[in-house]
Amino acid sequence: MIIVSIAGQKGGTGKTTTATNLAAAIVNDGNKVLLIDADPQASLTLSLGIQQERERTLYSEYLREVSIEEDGDLDRAIVITKSGLHLIPSSTALAQTEQKLMCEYESETKLQRMIHKMKSNYDFVIIDCPPSPGMLLTNALVASDYILIPLQAEYLPLKSISGFMHCFEEAKSFNGSLDIIGFVFIKYDRRIVMSRNVLAEIENIFGDKVFSTRIRSNIQLSRAQEAGLDIFKYDPTSHGASDYGELAMEFLSRIKKMNLCHTVQGAIEA
Ligand SMILES: Nc1ncnc2c1ncn2[C@@H]1O[C@H](COP(=O)(O)OP(=O)(O)O)[C@@H](O)[C@H]1O
Ligand SMILES: [Mg+2]
């Protein structure tokens, strides 16, 4: 099971849209995928058509995990969305988890432990992260093998990346093998000079960590969210569907390569 956080310290960069459509594309390629909505804003939950607050959510299971009597049980919280995606929904109450976790012993590893206790079998777990630093973000990163960072080619993306790197380093102190799988440009338009300049700047610093697939601006991606569907179910002929299909292929081949590297490195160190 490979756990990937979709993260970045800025709102509106395409994290939630990427979580949904990357997950759907990986499912279409024959993998079993679980989505976790770790953002109290619950955009992922809402955009997949789960409108009502559920009794069992990520929040309810965090609460069980922090109480001593009972273990959190993520299996019980899984819902199947209209698109057929497996999702652990969020709720606005999740925001209260921040404080509860702050007062807890070993609180950074709660989500990691809950995911590893799950009985359901998935090839991938994809976590949609909140934009702000805090215990929820730290828990998601500590639980992950990889982080995928969506970026927009606009003014000062480096500033938000450097802010995010603090969270990354903190999470790495609990999970040494955490790695960035890559940066992906969202709403990219190569006709705009600033977009090209920002892309060149980021490629200059991060080299081949930048995915060569770029997600173009496509209104169908927003319409799919309004309809509670992923882009492949909503409009498989759209640019959005072809871009996310391509991103998924690049993502899967990167995962294969990086996993191989980790295995070899582990063998050398052993
Ligand atoms: N490639 C795209 N083209 C057009 N609109 C997009 C695209 N990606 C995301 N959006 C829209 O931009 C807004 C912010 O995206 P979202 O994925 O919610 O960002 P985040 O989770 O980082 O806050 C949403 O309304 C979404 O529908
Ligand atoms: Mg979001």
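Two strands are taken to pair if DSSP finds at least two bridges between them, and the legends below apply this to a predicted model.

**View 1. Pairing of strands E2 and E4.** Ile36 has Ile88 of E4 as its bridge partner. Strand E2 (residues 33-37) and strand E4 (residues 86-88) run in the parallel sense, and three bridges join them. Strands of a sheet pair through backbone hydrogen bonds, either parallel or antiparallel.

**View 2. The open sheet and its edges.** The sheet is built from seven strands in the order E3-E4-E2-E5-E1-E6-E7, with mixed pairing. Strand E3 (79-80) and strand E7 (179-186) each have a single partner strand and stand at the edges, so one side of each is left without a neighbour in the sheet.

**View 3. Helix H1 against the sheet.** H1 packs on the sheet and touches strand E1 (2-6), E2, strand E5 (124-128), strand E6 (146-152) and E7, while the direction of H1 makes about 165° with that of E5.

**View 4. The surroundings of ligand 1.** Ligand 1 is surrounded by 16 residues, of which Gly14, Lys15, Thr16, Thr17 and Ser222 are the closest. Helix H1 (15-28) and helix H9 (219-226) are the elements that give two or more residues to this shell. By residue class, the shell holds three nonpolar, 11 polar and two charged residues.

**View 5. The chain that frames these close-ups.** The chain contains 11 helices and seven strands. Its radius of gyration of 18 Å is close to the 18 Å that the globule rule gives for 270 residues, so the chain is as compact as a globular protein of that length. Of the 270 residues, 43% are buried.

Methods. Residues are numbered from 1 along each chain as its sequence is written. Chains are lettered from A and ligands numbered from 1 in the order in which they are written. This is a predicted model: local features need pLDDT of at least 70, side-chain atom pairs count only at pLDDT 80 or more; totals for chains, interfaces and linings use all residues. A residue is near a molecule or strand if its C-beta atom, placed from the backbone, lies within 6 Å of it. Helices (H or I, at least four residues) and strands (E, at least two) are DSSP runs, numbered from the N terminus. Ala, Val, Leu, Ile, Met, Phe, Trp, Tyr, Cys and Pro count as nonpolar, Asp, Glu, Lys and Arg as charged, and the others, Gly among them, as polar. The radius of gyration is taken over C-alpha atoms; the globule rule is 2.2 Å times the number of residues to the power 0.38. A residue is buried if 20 or more other C-beta atoms lie within 10 Å of its own, exposed if 12 or fewer, and partly exposed in between; C-beta atoms are placed from the backbone. Two residues are in contact if their C-beta atoms, placed from the backbone, lie within 7 Å. Axes are lines fitted to C-alpha atoms, for helices over the stretch in contact, and angles run from 0 to 180 degrees between N-to-C directions.
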